[in-house]
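Q: I would like to learn how to read a structure of this kind feature by feature, with the cut-offs stated as we go. Could we look at it together?

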Amino acid sequence: MKINIIGGGPAGLYFAILMKKANSYHQITVYERNGPDDTFGWGVVFSGKTLANLRAADEESHAAITKNFEAWDNVDVVHRDSRISIHGNSFSGIARLQLLKILQQRAEQLGVQLVFRHEVNDFESLRKDSDLLVAADGVNSTIRNQYADKLRPNVDVRSHRYIWYGTHQLFHGLTLTFRESEAGVFAAHSYKFNNTTSTFIVECDSPTATKADFENKSDADTRMYLAAVFTRDLGEHRLLSNNSKWINFVLVKNQNWSFENLVLLGDALHTAHFSIGSGTKLAMEDAIALAECFQQTRDVSKALSEFASIRKPIIEDYQAAAFESMTWFETAASRMSLNPIDLAFSVMTRSGRVTYDDLAKRSPEFIAQYEAAH
Ligand SMILES: Cc1cc2nc3c(=O)[nH]c(=O)nc-3n(C[C@H](O)[C@H](O)[C@H](O)COP(=O)(O)OP(=O)(O)OC[C@H]3O[C@@H](n4cnc5c(N)ncnc54)[C@H](O)[C@@H]3O)c2cc1C
């Protein structure tokens with residue numbers, strides 16, 4: 001098969017790897033507009049379950065990923081200077097750049113052609129020249145827009161603002177920190193992803209962003225402002241920028257996942273709020289599911305309809321839980337009157353997926369603390 005893939009992010013690269021591994025005669029090309037080292041973002045998070053899926057799909061890249069990752073089992077909730085730890089959660093983090101390097105090397109080793117610094121603009125010509133065209137071109141997918149009448153996307157731009165930073169302050173475990181300031185409430189999602197660096201995502205509602213005047217602040221001034229808000233959490237460490245910009249979370253869904261020989265994958269297809277797990281995990285699990293459909297049949301249209309019928313209910317379920325989590329964070333300011341232990345309980349049960357009983361099993365010390373407080 002001649003497979004062309006637009007986008008060399010986790011979805012596009014991992015799908016290329018799995019297809020080439022399954023059949024070395026496939027002719028696979030990945031087009032990426034950036035260079036091999038130009039990535040944005042810091043660390044990405046995987047759950048223990050996702051790592052098991054990655055191992056089953058490709059042992060080699062799984063071994064390279066897990067050699068480089070940082071693992072932890074605690075979620076820490078920080079409110080009014082109290083830190084509440086909830087254990088029994090299996091997560092790990094790796095630098096996004098390192099993950100992409102591993103996937104690029106593995107793809108090249110298998111014989112996938114990677115074409116960097118090549119922005120595809122003429123999608124229709126490429127589609128006609130492919131047995132399968134994969135649109136793995138990210139959350140702002142231009143292919144999705146071009147074929148909108150066929151794919152029927154639904155794009156919901158949320159009003160909350162967020163920004164991805166890094167820091168050399170090491171947060172051991174997924175740390176959710178709430179700070180009340182003059183401008184309003186800020187929440188930070190942070191975790192270390194190697195020996196020296198943590199991801200530090202800050203989010204706030206739009207009135208807070210307006211009051212803090214981020215619109216008129218430079219990158220350096222914004223970082224100084226937020227470092228002052230989180231001074232007790234960051235210690236002497238600065239916030240580090242990597243083309244970091246305030247963004248609004250965009251919730252993407254598509255009524256149709258494919259059109260003739262074109263299929264959407266990863267963030268181009270769907271997004272789930274970062275507070276419930278990274279888009280990287282979903283992007284790579286999409287790649288696994290699509291590659292498995294091609295193991296069953298070589299008929300492109302059958303494989304694509306099978307992909308949607310198997311994966312859509314899973315994604316809808318995931319997006320429903322992520323929606324609860326997103327709205328919890330969008331309304332976090334209204335919960336600042338809760339004491340730290342109640343806030344921690346509310347965070348942990350926000351998606352409706354984790355119950356009191358689950359927490360009692362996973363983290364009896366936390367539930368003992370919760371009971372003592374009541
Ligand atoms: C600024 C930013 C920072 C992020 N940081 C983190 C983070 O630190 N941790 C985390 O877990 N998640 C992060 N995410 C989210 C995460 O990157 C995505 O959920 C995940 O990467 C989805 O994988 P993907 O392959 O579907 O898309 P992406 O990783 O977005 O990959 C899409 C690729 O397509 C390329 N592309 C787009 N259009 C074209 C075209 N026409 N021609 C050629 N190439 C094209 C893009 O350059 C890009 O490399 C970040 C997202 C953004 C926007």
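Q: In what order do the six strands of the open sheet lie, and what is the sense of the pairing?
A: A word on the source comes first: this is a predicted model, in which local features need pLDDT of at least 70 and side-chain atom pairs count only at pLDDT 80 or more, while totals for chains, interfaces and linings use all residues. Residues are numbered from 1 along each chain as its sequence is written, and side-chain values use heavy atoms, with hydrogens and water left out. As a general idea, strands of a sheet pair through backbone hydrogen bonds, either parallel or antiparallel. Strands (E, at least two residues) and helices (H or I, at least four residues) are DSSP runs numbered from the N terminus, and two strands pair if DSSP finds at least two bridges between them. Here the open sheet has the order β8-β2-β1-β9-β17-β16, and its pairing is mixed. Its edge strands, each paired on one side only, are β8 (113-115) and β16 (258-259).

Q: How many bridges link β2 and β8, and in which sense do they pair?
A: Strand β2, residues 27-31, pairs with β8 in the parallel sense over three bridges. One position to look for in the model is Y31, which stands opposite V115 in β8.

Q: Which strand is joined to β5 by five bridges?
A: Strand β5 (residues 75-79) runs antiparallel to strand β6 (residues 82-86), and five bridges join them. β5 also pairs with β11, here in the parallel sense and over four bridges. The residue D76 shows both pairings, since its bridge partner in β6 is S85, and its bridge partner in β11 is T175.

Q: Is strand β11 enclosed or open to the outside, and what pairs with it in the antiparallel sense?
A: To judge enclosure, one takes a residue as buried under 20% relative accessible area, as exposed over 50%, and as partly exposed in between (1.4 Å probe, protein chains only). Six of the seven residues of β11 (residues 174-180) are buried, so this strand is largely enclosed by the rest of the structure. Its antiparallel partner is strand β12 (residues 185-192), with six bridges between them, and within that pair T177 has A188 as its bridge partner in β12.

Q: Which residues of the hairpins and loops have a positive phi?
A: In general, most residues other than glycine have a negative phi. In the hairpin of β5 and β6, with two residues between the strands, R80 takes a positive phi near 45°. D81 is in the loop between β5 and β6, and its phi is positive, about 70°, although it is not a glycine; D81 is partly exposed, with a relative accessible area of 46%. In the hairpin of β11 and β12, which has four residues between the strands, G184 has a positive phi near 150°. Another case is R152, in the loop between α7 (148-151) and β10 (153-167), where phi is about 50° although the residue is not a glycine, and where R152 counts as partly exposed at 45% relative accessibility.

Q: What surrounds the ligand, and which residues come nearest?
A: A residue is near a molecule if one of its heavy atoms lies within 4 Å of it. There are 28 residues around the ligand, and E32, W42, G43, R96 and D267 come nearest. By class, the shell has ten nonpolar residues (Ala, Val, Leu, Ile, Met, Phe, Trp, Tyr, Cys and Pro), six charged (Asp, Glu, Lys and Arg) and twelve polar (the others, Gly among them).

Q: Which backbone atoms lie beside the ligand, and at what distance?
A: A backbone N or O atom of G43 lies 2.7 Å from a nitrogen atom of the ligand, a polar backbone atom of R33 is 3.1 Å from a ligand nitrogen, and a backbone N or O atom of P10 lies 3.2 Å from a ligand oxygen. The protein covers 86% of the 990 Å² of accessible area that the ligand has on its own (Shrake-Rupley method, 1.4 Å probe).

Q: Which element gives the largest share of the shell?
A: The largest share, three residues, comes from α11. Of the 18 residues of this helix, 14 are buried, so α11 is largely enclosed by the rest of the structure.

Technical notes:
A polar contact is a pair of N or O atoms within 3.5 Å; within protein, one must be able to donate a hydrogen and the other to accept it, and residues adjacent in sequence count only if both atoms are side-chain atoms.
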